[in-house]
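Visitor: I'd love a close look at one part of this structure. Please take it slowly, as I'm new to this.

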4 protein chains.
Amino acid sequence: MADILTEQQFASDNYSGICPEAWAAMAEANAGHAPAYGADAWTQRAADGFRDLFETDCEVFFAFNGTAANSMALASLCRSYHSVICAESAHVETDECGAPEFFSGGSKLLIAPTTNGLLTPESVRAVAERRCDIHFPKPRAVTITQSTETGRVYSVAQVQALSETCRSLGLRLHMDGARFANACAALQRSPAELTWKSGVDVLCFGGTKNGMAVGEAILFFDRAMAEDFDYRCKQAGQLASKMRYLSAPWVGMLESGAWLGNAEHANACARRLAAALTDVPGVSLLFPVEANAVFLAAAPAALDALARRGWRFYTFIGGGARFMFAWDTLPERVDALARDIRECAVPAAA
Amino acid sequence: MADILTEQQFASDNYSGICPEAWAAMAEANAGHAPAYGADAWTQRAADGFRDLFETDCEVFFAFNGTAANSMALASLCRSYHSVICAESAHVETDECGAPEFFSGGSKLLIAPTTNGLLTPESVRAVAERRCDIHFPKPRAVTITQSTETGRVYSVAQVQALSETCRSLGLRLHMDGARFANACAALQRSPAELTWKSGVDVLCFGGTKNGMAVGEAILFFDRAMAEDFDYRCKQAGQLASKMRYLSAPWVGMLESGAWLGNAEHANACARRLAAALTDVPGVSLLFPVEANAVFLAAAPAALDALARRGWRFYTFIGGGARFMFAWDTLPERVDALARDIRECAVPAAA
Amino acid sequence: MADILTEQQFASDNYSGICPEAWAAMAEANAGHAPAYGADAWTQRAADGFRDLFETDCEVFFAFNGTAANSMALASLCRSYHSVICAESAHVETDECGAPEFFSGGSKLLIAPTTNGLLTPESVRAVAERRCDIHFPKPRAVTITQSTETGRVYSVAQVQALSETCRSLGLRLHMDGARFANACAALQRSPAELTWKSGVDVLCFGGTKNGMAVGEAILFFDRAMAEDFDYRCKQAGQLASKMRYLSAPWVGMLESGAWLGNAEHANACARRLAAALTDVPGVSLLFPVEANAVFLAAAPAALDALARRGWRFYTFIGGGARFMFAWDTLPERVDALARDIRECAVPAAA
Amino acid sequence: MADILTEQQFASDNYSGICPEAWAAMAEANAGHAPAYGADAWTQRAADGFRDLFETDCEVFFAFNGTAANSMALASLCRSYHSVICAESAHVETDECGAPEFFSGGSKLLIAPTTNGLLTPESVRAVAERRCDIHFPKPRAVTITQSTETGRVYSVAQVQALSETCRSLGLRLHMDGARFANACAALQRSPAELTWKSGVDVLCFGGTKNGMAVGEAILFFDRAMAEDFDYRCKQAGQLASKMRYLSAPWVGMLESGAWLGNAEHANACARRLAAALTDVPGVSLLFPVEANAVFLAAAPAALDALARRGWRFYTFIGGGARFMFAWDTLPERVDALARDIRECAVPAAA
C-alpha cells in the first residue's frame, strides 16, 4: 500500500507534502519557548512579510484552513440576511459543506452564470439586481476564486471590471486565493496588482496547497473592515495557541520566494501534461490550462482504463477528468501520466 | 528580545514547542504524497492507536484546537435551546470567546458552584433542577475539565458519581481533556478507567499542550452519538486537507508513550516548584498541586518584584499567580523560578 | 387612496382580512383573563380540534407566521450540516429571506427540478444521490408545498410516491401547507389522507391566508420528532404570551368548517377567472388552475394596460401575471378583472 | 374551570385581554383588503404615531413578541463574538430561553450586579472592563428593562448616567420596554425624555402587556443603526403578512392615549395593593412599588394558604410572591386579594 500512496498522484494538490522552505522555518521555530496566540516574533514577521509582499499596510490573520478562512472573511462582510454572489463551481458552494452559511448564521450563496468558471460583471449585476425586496437575502459581497476551480485565471483587467461593478452595486469583493500563488505565477503580475490595486477588499491566501501543512492567511486591505476580526477567529476555533507553527512556515515561504517558485513549478507541470496530449485523439482540454490544473475530456472507457492502471483523479459527468499539480510534482511522473493517457485513449478512440 | 522569548517561561504550557516524538512522526509523514482529508494511512493508524489506548472501539475525529473540539462536541450533544452545565472556571466559559454558543447556535452555559474548580453531583443537580419550564434553556450536557483549570484532578470515583448524576438527569457527560494526559499521569489510572468506564460520553483529548503543534482528538465512546460528526467537522472548518500532519504526531505520541511521559514530566515540575516553596513566608498554594499547574497566593508586591525580574505569569485579583509546566520544562529553570519567588517574597513578607 | 386600497385586489391572498368565524372566536376569547403561553382552554381546544380533523394524536404547535413555522419545522429535522431538497419555486427558497438557513444555523436548500412546480420522486432522488461525501451538506429532508406556489396540487398518489422515495433515502418529508386548505378543497380528500396517511412527517398548516390575522399550526405526526419543539418555539420568538389570540381563531375555523369553506370559495374564484378567459386571444394559463391561483401568460403591453386600470398583481419575466383569491373574494370583482383582462388583451393581441 | 380561568388572576399581566381601543382599531382595520407586509395605511399611521409620540424621526419596526423584539434589537447591535451586559433579573437572561444567543448566533450575556434589579454605571463599567482580551466576548451593548422585572423604574437621571457610561465605553444602550408605558406613567416624563433624550439607542416598546393581543414596536433613534433591519425581521420570521393587525392596535392605543391610561391604571392597582398591606404583620415589600408589580415577602405558610384560596402567583425562594396588574384589573379584585393576603398572613405570623 505504501507504494501506491507515496507514488505521486494528481487527484489533488493537497496530496503534496510540506516544502523544504516551510519545513525549515518550522524547525527553526521549534527551538525553545514562544508566547502563545500570535504574540510571538514569527507571527509578527510573517504578517510583516505579507505587508511587504503586498506593498500595503494590510491587516493579516491566520486560519487553519481555506474553508474557515473563506467563511470567516465572508461572514465579516455580511449579516445573516445578506447574500454572497459566486460561481456555480465556487469551492464555497460546492465543497465546503455549507460552511459559509454556518459561519454567517445563514447568509445565502447566490449562483451567477460563468464563462468557464469565471464570473463576469454582467452576470454579477444580473444576479444582484434580480431581487430588491426584503423577501430575499440582500446581496452584499461577491467572491471570486483566483485561480479558479476550473484552472482559469482572472486577468487584472477582469478583476478591475468586477470590482467596479461591485462598487457600483454596493458589494464587497472577496478573493478565494486557495491557489492565489498559481494565479500570480500565471499572470506574472504582483500580488498588489491582483488584489487591492484592482479593488479586492479581502483575500484568503492559501498556504496549504502552496506547500505548507496547514494555514491560510486572511488579508484585509481596508483595515476598518477587519474590526474585531481577531475575536471572530478566536470564537470560531481558528486561533492557534502555538501560532508560530502556522506563521513560521509563511516566513519561510515569503522570505525565500518559495511561494512563487512552488506555484511556477506546479503551473509548468500542468502545461507539460497539456502539451504532451495535444495530438492524442479523443482527448481534449475542457478549459484552457492557465494555472496548475488540467481538465480533460475523454471517453469514459479511456478514463476507466487509466484508473485501472492505478491513477487517481476526479471525474465528471460526461467524461471529464481533473489533474492537479503541486510544488513537488516530478516531471517524469507527469510524463508517465501522459503516456498512460495516450495509451488508454487510443484504443478507446479507435 | 530573543533571549526573553526563548528562555523558558511558565505563563502557559502553550509556550512549549513540539516534542521529539511528534516531530519525528511528522517528518516521517512528510515523505511523498498522501491522500487528503484523512484517507491516509497515518490517520487510520492514529485512530487505531486511540482505540488501543482506550481499549474500546470508539469513534475518533481530529480538530485543530481545543476550542473547536470542545465546541463541536458540545454542539453535537445539544440543540440551540439546550444548555450545558459547567464550572465557573471552565475554559469553555472563560476563555473561548463564546465559541460553545457560536458552534451550537446559542446553547447557554449554566454555571454551577464548585469546590476548587471541581463540579460535584450536588451542584450539577441543583443547577439542572433549578428550572424546568420552556422559558429557560433545557440542560442537556455537563462538561468537566480533566485536569481542571485550577490544576486539580477528578478521581475515578468523582467522575463516576458525576456520570451517575448525569444519567439520572438525562444529561450527557463531556470531558474537556486539554490536559487529559496530565490527569492520567496524576491518577495513575488508565484512559479507559477515567473516561468511558466511568461514564464519560465524549472526550476531547488535547494534543497541543501535550507536545504537538496543533491538533486535538475527539473521542465518542458511544458511536451513535457521533452520527454525521464528520460533516460537522468539515462545515466548521475543522477538517484538515493534509490530515496526516495532524494525525502523524499522534501516532508518534501514542506509540512511543510520550503522551504519558510528557505529562509525567510536566506534573513533576509542578510538584518540584511547590516543594521548593513550602517554607517561603507569605507564599502559599491556592489549590493542591495535582497536575501540571501551581497557583500561588502571594503579596502583590512580591509578584510585582517577580515580574520585574522578567518572569511572565498570569495574575488574579487578590494576589494570585499561575505557573504551568510542559513536557520540555527544564528543572533548573524551575529551580531558578523558585529562588526568585523566595527572594521576592521574603522582603515583601517582611 | 382608500378606495384603491380597500377595493379588492388579487396580488396576494394576504390582502384579505379576518373571516367572521375567526373573528367571532377571537371576540369570545377576549372576555376576561386567561393563563399565558398556551396554558389556556382555547389553546387546548384548538390542538384537540386539529387532532380530530387529522384523525390522529399528533403534536400541535402554533407559530406567528409561515416563514417561522416552515423554518422551525425544517430546523427540527436537520442539523446545520444537513440539507433540504425543495423546488426552485418553493417559498422557503424564494421568499423567506434565508429564514430556513437562519433558523437551522446554515442548512442548505438544494434545488430539484420540477414539473410545473411539482417535485417528483425522480428529481428528489437525483438530487439526494448527486453527492455523498462530507464536502457537501447531507440531505435530510424534502419539503413540498401543498398547494404549490404555482397553484398546483400534489395528488395523494404523488405524495405517497414522494414519501416512499424519502423513506428509501433516509429523508424526512415536510409539507409547507400555507394553502393546505386549498389543496384539501381541490382534491376533496381528507387532511389525514393528504398528510400522515401518505407519509408526511410534519405539516405547517397555514391559517393566515385561510382567513386569520396571524398564526400557523405545526403538526408533527410522529410525536418523537417533536421532542423539545416547545423550547424551540420559545427561543425563536414564536411563543405568544397571549396565546389564546392565536388559538381561538383556529377553534372558530375548525369547529365551523370555515377552514374548508373558505378554501372552496377561493378555489372557485380562481376557476371563475380562468373560465372567463378561455377564449381571450393572447391570454393563456401558465399552469393548470387547481387551487386558488391563476397564472396568466399575456403580452407585456396587455399587462401594462391592466396595471394602468388600477389592478395590482405580480409579474414574471416573459409576460406572466399571478392572481390569488381568498375567502372573501367578491365574484363580481373577479368578473370585473376578467373583463379588464379581455379588454386589455384584445388590442394588444391585435 | 371557566370560573377559575376568567376570574382575574395577577400572576402575570399577560393574563389580561385586548383593551377596547386596540380592539376597535383592529375591527376597523378588518374592513376590506389591504396590501401585505406593512405597505398598508395602518402601518404607516402607526409608525407616524410613534414618531409623534417620541418627537423624533425614528425608524419603527413591528415584531410579534418581546422575546423576538429584544433579541433582534440586540443582535443588530452585536456580532456573535460580542457580549451584552444585563441585570441578573433581566428577562433576556432569565425568561427568553436563550433567544438573544440564538438570534445573534452566540453573543453572550454578561451579568452585572444590580441594586433591586437596577443596573448602575459602576456595575456596567466593572463588567465591561473586567476582560479586554480576545479570549472573552467583547462587550458591545447594555440592556436595561424599563420598568424592571422587579417593578422598579430608572429615573431620567439614572438612564442618562448609564448612557454616558455606555458612550465612554463604546457600548450601545438598549431598553427592554415590555412595560415602558408603566415607566412613563410612573415617572410622569415623556417617552422622548426617557429614551433618546437620555441616550437610549434602541427601544423595544411592549404592546402586549399594555393591552394588545400581540405586537411590540422596535424604535431605532439613530436611523443608521436600523440599516437592513427590515431584512432581519423578515428572515427571523417576524414580518407579519397581514401587518395591519399588528399596527392598527397601535394606532388605537397611541391616538387615544390608552397606552398611557392603561399603564396608569395598572400602576394604581399595584399601589392599591401595597397600600392595603402596609400594616399586615409578616408581610413586607421586597422592592419599592413604582410600576405595576408588587413583590411581597411573606412566610411560606402564608403563601401556601393564599394559593389554597385559589390565587395564582409566582413564588421565589425564601418566601417571595409576585403580583402583576394590567389595564383591566378590577379594583375590587385587588381588594379581595388584599383581604385574603391579610387573612392568610396573620395566622402564619402568629
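Visitor: Which helices and strands of chain B do the buried residues of H8(B) pack against?

Guide: Happy to help! This model is predicted, so local features need pLDDT of at least 70 and side-chain atom pairs 80 or more, while totals for chains, interfaces and linings use all residues; side-chain values use heavy atoms, without hydrogens or water. Residues count from 1 along each chain as its sequence is written, and chains are lettered from A and ligands numbered from 1 in the order written.

Helices (H or I, at least four residues) and strands (E, at least two) are DSSP runs, numbered from the N terminus. Helix H8 of chain B covers residues 156–169. Its expected span, 1.5 Å times one less than its number of residues, is 20 Å, which agrees with the 20 Å between its end C-alpha atoms.

Buried means under 20% relative accessible area (exposed is over 50%, partly exposed in between; 1.4 Å probe, protein chains only). In H8(B), that describes B:Val156, B:Val159, B:Leu162, B:Ser163, B:Thr165 and B:Cys166. They pack against helices H7 (121–130) and H10 (191–194), and strands S4 (138–145) and S5 (172–177), of chain B. Contact here means heavy atoms within 4.5 Å. After the helix comes B:Gly170, with a positive phi near 75°.

Now for the whole chain. Superposed by least squares on C-alpha atoms of residues with pLDDT of at least 70 in both copies, chain B lies on chain D with an RMSD of 0.0 Å, after a 180° turn and a 0.0 Å shift along the axis. The two copies are therefore related as by a two-fold rotation axis.
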